[in-house]
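Subject: Structure handover

Hello,

Here is the structure I promised you. Please open it next to this email and follow along.

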Amino acid sequence: MEKKQISQKIKELRMEQGLTLEQVANFVGVGKSTVRKWETGMIENMRRNKIAALAKILEIPTSYFIYYDYDYDIDPEHRMSSIPEHIRRELQEKYPGDPHRQWCVYWDQSALAFEKHLQHKHDFPEMFADLPENILPLPQTRLVPMLGAIACGEPILAEQNIEAYVNVNADIPADFALKCKGDSMINARIFDGDIVYIRRQSDVDDGEIAAVLIDTEATLKRVRRYPGKLVLSPCNPVYDDLIYTAEQLSTIRILGKAVAFTSTIR
């Protein structure tokens, strides 16, 4: 499906609601010409309070605008498969042909439900009074795309397709996740099958663990820097360092920094 510009979607959503330019302008608190410029793409950056007001009158979640471009890069239709089937069917019936809108509604409702849970705990502390202090509530989470498996032994062909969506603590600054394969990172407590969360960045500090793309292959290693040399070190003494110098350095690209991981009990 060809991607529509967000400006086109604003006009489309306004027409769906049967709203005039003037009605939208009055509600949002801008001039009619400003709304027209939003719809023609002449103004691309909107203030946060205007986004919130526009989302309200168009009856869509604010996140619809915030994640619009990102969603099309990661295929919202595929991401919808992570939503429980009965909820997915309901959203598809209510917002046919717009998986991005379906997802944003689901995401906003999930966040709202969590906020209500926290408020419930605050308003009715007696319901939680008998729990030991070391029992913590599950954290608020969000979904991030999990890319193809990344090697923790010998590098494997990097599959940049999204395999699934996984939950990550909302406080962890991760952009995507990778599933590790192999045992070369076990001394960093990262084992075969663990999910590692990556913050997208083009460089890391010396000694940090990073997801690194080597030509068309990906691997997870600790990055060591020396004059004229880059060393990708495994965290398992049975594996040798991967050493790159001179022209070889141009074949290396850092995808991001490993910021957290989840593991099963072994």
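**A260 and its strand**

A260 counts as buried, because its relative accessibility is 19% and the cut-off for buried is under 20%. This residue is found in strand β11. Leaving aside neighbours within four places in sequence, A260 is in contact with I172, I195, V196 and Y197. A260 also has a long-range relation to I190. The two are 70 residues apart in sequence, yet their C-alpha atoms are 9.9 Å apart in space.

One caution before you read on: this is a predicted model.

**The chain overall**

The chain has 266 residues, and buried residues make up 38% of them. There are nine helices and eleven strands. Take the contacts between residues at least 6 apart in sequence: 60% of them join residues at least 24 apart.

**The cores**

The largest nonpolar core has 17 residues. Which of them touch the most other members? They are I190, V196, I198, I209 and L220. Five strands each supply at least two residues of this core: β5 (176–181), β6 (195–200), β7 (209–214), β8 (217–226) and β11 (252–262).

I190 is a good place to start looking. Not counting residues within four places in sequence, I190 is in contact with C180, M185, V196, I209, L220 and F261. Of these, V196, I209 and L220 are on the list of members that touch the most others. V196 also turns up among the contacts of A260.

Another core lies apart from this one. That second core has 15 residues, including I10, L21, V24 and W38.

**The loop between β5 and β6**

Two residues here are worth a look. S184 lies in the loop between β5 and β6, and so does R189. Are they buried or exposed? S184 counts as buried, because its relative accessibility is 0%. R189 is exposed, because its relative accessible area is 59%.

The side chain of S184 makes a polar contact of 3.4 Å with the side chain of K221. R189 has a backbone feature to check: its phi is near 65°, a positive value in a residue other than glycine.

**N236 and its partners**

N236 sits in the loop between β9 (229–233) and β10 (242–245). N236 counts as buried, because its relative accessibility is 8%. What does N236 touch, not counting residues up to four places away in sequence? The answer is D183, S184, I186 and N187. With D183 there is a polar approach too. A polar atom of the N236 side chain lies 2.9 Å from the backbone oxygen of D183.

**A second positive phi**

A246 lies in the loop between β10 and β11. Its phi is near 45°, again a positive value in a residue other than glycine. A246 is exposed, because its relative accessible area is 57%.

**Helix α1**

K11 lies in helix α1, residues 6–16. K11 counts as partly exposed, because its relative accessibility is 42%. Its C-alpha atom is separated from that of L58 by 9.9 Å. Along the chain, K11 and L58 are 47 residues apart.

**Rings and cysteines**

How many aromatic pairs does the structure hold? Zero. There is a charge over a ring, though. K229 lies over the face of Y226, at 5.2 Å from the ring centre.

How many disulfides does a search of the whole structure find? Zero again. A disulfide is a covalent bond between the sulfur atoms of two cysteines. Two cysteines to note are C180 and C235. C180 counts as buried, because its relative accessibility is 3%. C235 is buried as well, because its relative accessible area is 10%. C180 is also one of the residues in contact with I190.

**Where to look**

If time is short, start with I190 and its contacts in the sequence-distant part of the chain, including F261. Then go to N236 and its contacts with D183 and S184. Finish with the side-chain contact between S184 and K221.

Best wishes

Notes: Residues are numbered from 1 along each chain as its sequence is written. This is a predicted model: local features need pLDDT of at least 70, side-chain atom pairs count only at pLDDT 80 or more; totals for chains, interfaces and linings use all residues. Side-chain values use heavy atoms; hydrogens and water are left out. A nonpolar core is a set of buried Ala, Val, Leu, Ile, Met, Phe, Trp, Tyr and Cys residues joined through side-chain atoms within 4.5 Å. Buried means under 20% relative accessible area, exposed over 50%, partly exposed in between (1.4 Å probe, protein chains only). Helices (H or I, at least four residues) and strands (E, at least two) are DSSP runs, numbered from the N terminus. Contact means heavy atoms within 4.5 Å. Rings of Phe, Tyr and Trp (its six-membered ring) pair if their centres lie within 6.5 Å; planes under 30 degrees apart count as stacked, over 60 as edge-to-face and the rest as tilted. A charge sits over a ring if NZ of Lys or CZ of Arg is within 6 Å of the ring centre and within 35 degrees of the ring normal. A polar contact is a pair of N or O atoms within 3.5 Å; within protein, one must be able to donate a hydrogen and the other to accept it, and residues adjacent in sequence count only if both atoms are side-chain atoms. A disulfide is a pair of cysteine sulfur atoms within 2.5 Å.
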